[in-house]
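Please read the points below with the model open beside you. Each one takes up a single part of the fold.

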Amino acid sequence: MKVAIVTGGGQGIGEGIVRQLAQDGFTVAVADINKDNADKVAASVGNDSKGYYVNVASHDDVKKLVEDVVADFGQLDVMVNNAGICRVEPFLEQTDKALDDLLDINVKGAFYGTYEAAHQFIKQGTKGKIINASSIAGHEGFTPLAAYSATKFAVRGLTQTAAKELAQYGITVNAFCPGIVLTPMWDEIDRRLSEINHVPVGESLKKTIEGIALGRGETPADVANLVSFLASEKSDYITGQAILVDGGMKYV
């Protein structure tokens, strides 16, 4: 049985990814800063899956996570660096704290996860797959999300560069780029947009969804289907890509 780590796996998109990979036959190490959530999700999907605590902003935590998973299951096959946060702040009101949090979790988390997984794959002498969370905001800057967009562009750059350097070891590195995923994170984004733009709660989300060609918001399962492909042998000849899964959004 293959083993996958999913950071931020205790809720939202991460939970959707965990559930899909478990259906695909993976034993999933569900890693989250909320250990209780991680344990609950792991227990619900079976396949000997297990919950782990991790703060992806800490290199030591991510290193220990990989070591613990390998100690428990003997190997690592797929690393999904999914953990991420969003802060909605107009550029001229951007706070240092929000910028630091976004860089620590979105960028450093993906960097540390890629770094530690790559070292483990090389140590095992096996091919491996690294899958990072970027965003539609990593393809085009979105307002008022300057700092968030910057971090997701950074993940694309990391993904492309790591893919080139790690190809010699048979390691592929790709990113998934979701659109408007209907999770608690987007509820908070909508609430902040209502404050900033002085519109009722729900109006910003409704307007955004109207710009999606397929006419609906995204579910975690929609994202998980792409990750499932990237984690499978069917994607063996794909690397360095940041693939949009957004329902055909119209960018403005």
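The numbered points go from the basis of the model to its cores, a helix, a buried residue and the backbone.

1. This is a predicted model, in which local features need pLDDT of at least 70 and side-chain atom pairs count only at pLDDT 80 or more, while totals for chains, interfaces and linings use all residues. Residues are numbered from 1 along each chain as its sequence is written, and side-chain values use heavy atoms, with hydrogens and water left out.

2. The largest nonpolar core (a set of buried Ala, Val, Leu, Ile, Met, Phe, Trp, Tyr and Cys residues joined through side-chain atoms within 4.5 Å) has 27 residues, and those with the most contacts inside it are I17, L21, V28, V80, I131 and F176. Among the elements that each supply at least two residues of this core are β1 (3-7), α1 (12-23) and α8 (220-230); helices (H or I, at least four residues) and strands (E, at least two) are DSSP runs, numbered from the N terminus. A second, separate core of 25 residues includes A29, A31, V56 and V173.

3. I131 deserves a closer look. Leaving aside neighbours within four places in sequence, I131 is in contact (heavy atoms within 4.5 Å) with V78, M79, V80, N81, N174, F176, V227, L230 and A231.

4. Helix α5, residues 146-166, has 21 residues and reaches 30 Å from its first C-alpha to its last, close to the 30 Å expected at 1.5 Å a residue, where the expected span is 1.5 Å times one less than the number of residues. The buried residues of α5, including Y148, V155 and L158, pack against α4 (96-124), β5 and β6.

5. V223 lies in helix α8, and V223 counts as buried because its relative accessibility is 0%; buried means under 20% relative accessible area, exposed over 50%, and partly exposed in between, with a 1.4 Å probe and protein chains only. Apart from neighbours within four places in sequence, V223 is in contact with I13, F176, P178, V181 and E218.

6. Which backbone angles should a student check? Most residues other than glycine have a negative phi, and most peptide bonds are trans. N47, in the loop between α2 and β3 (50-53), has a positive phi of about 60° although it is not a glycine, and N47 is partly exposed at 27%. H198 also has a positive phi, near 55°, and is exposed, with a relative accessible area of 71%. The peptide bond from T143 to P144 is cis, with omega near -5°, and P144 is found in the loop between β5 and α5.
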